[in-house]
Amino acid sequence: MMKCKANQTRTYDGDGFKRRAACLCLRNEKEDEVLLVSSSRHPDQWIVPGGGMEPDEEPGVAAVREVYEEAGVKGKLGRLLGIFEHNQDRKHRTYVYALIVTETLEDWEDSVNIGRKRKWFKVEDAIRVLQSHKPVHAEYLCRLADTCSPPYGPVCCPRAMDSKAPHYVVCSAQDSELFNR
């Protein structure tokens, strides 16, 4: 019982939020195409690859690990786009990074184990696809559009101030080094 409680305090932050990490996997430096993966729960729906952080794992390392497992890609980890809080059904705090894909594996963990698929989308198309079933993931892409030069303005999600909208805790434009597994 003590072991479980100690483990819980490391995968949850001091505010009781589950620590998560994700990457917007981008085809190139233009940041106009993003890789989405099929959902494990709803294989006909697309999502941004990401998941829970391991105890004592740094957010950037967790984000790179998650995209390697879920999307079968490696790349150059870029700026932190923001830390998103999602409160509706579960308390999640997700660190979302940009990642420029440099290597795509033919077979990867989730494709073999659960038949997960991946697909490249234009950013504006990905936003539309995600808005219906994963609006918080669409917000990740809107944040990307807000921090880069292409004009995605009209396509982006409205920033409605309601209890269902994700809340940005931190936004940063810092660069990181190349993470390889």
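**Reading cysteines and rings**

Reader: Is C23 buried or exposed?

Author: C23 counts as buried at 0% relative accessibility, where buried means under 20% relative accessible area, exposed over 50% and partly exposed in between (1.4 Å probe, protein chains only). The model is predicted, so that local features need pLDDT of at least 70 and side-chain atom pairs count only at pLDDT 80 or more, while totals for chains, interfaces and linings use all residues. Residues are numbered from 1 along each chain as its sequence is written, and side-chain values use heavy atoms, with hydrogens and water left out.

Reader: How many disulfides does a search of the whole structure find?

Author: A disulfide is a covalent bond between the sulfur atoms of two cysteines. The search, which asks for a pair of cysteine sulfur atoms within 2.5 Å, finds zero disulfides. C23 is in none, and its nearest cysteine sulfur belongs to C25; because the two sulfurs are 5.6 Å apart, they are too far for a bond. C25 is also buried, with a relative accessible area of 0%.

Reader: Which residues form an edge-to-face aromatic pair?

Author: Rings of Phe, Tyr and Trp (its six-membered ring) pair if their centres lie within 6.5 Å, and planes under 30 degrees apart count as stacked, over 60 as edge-to-face and the rest as tilted. By this rule there are two aromatic pairs. In one of them W46 meets F121 edge-to-face, with 5.6 Å between the centres and 70 degrees between the planes. This pair links distant parts of the chain, since W46 lies in strand β3 (residues 46-47) and F121 in strand β7 (residues 118-122), 75 residues apart, strands being DSSP runs of E with at least two residues, numbered from the N terminus. W46 is buried at 18% relative accessible area, and F121 is buried at 8%.

Conventions. Helices (H or I, at least four residues) and strands (E, at least two) are DSSP runs, numbered from the N terminus.
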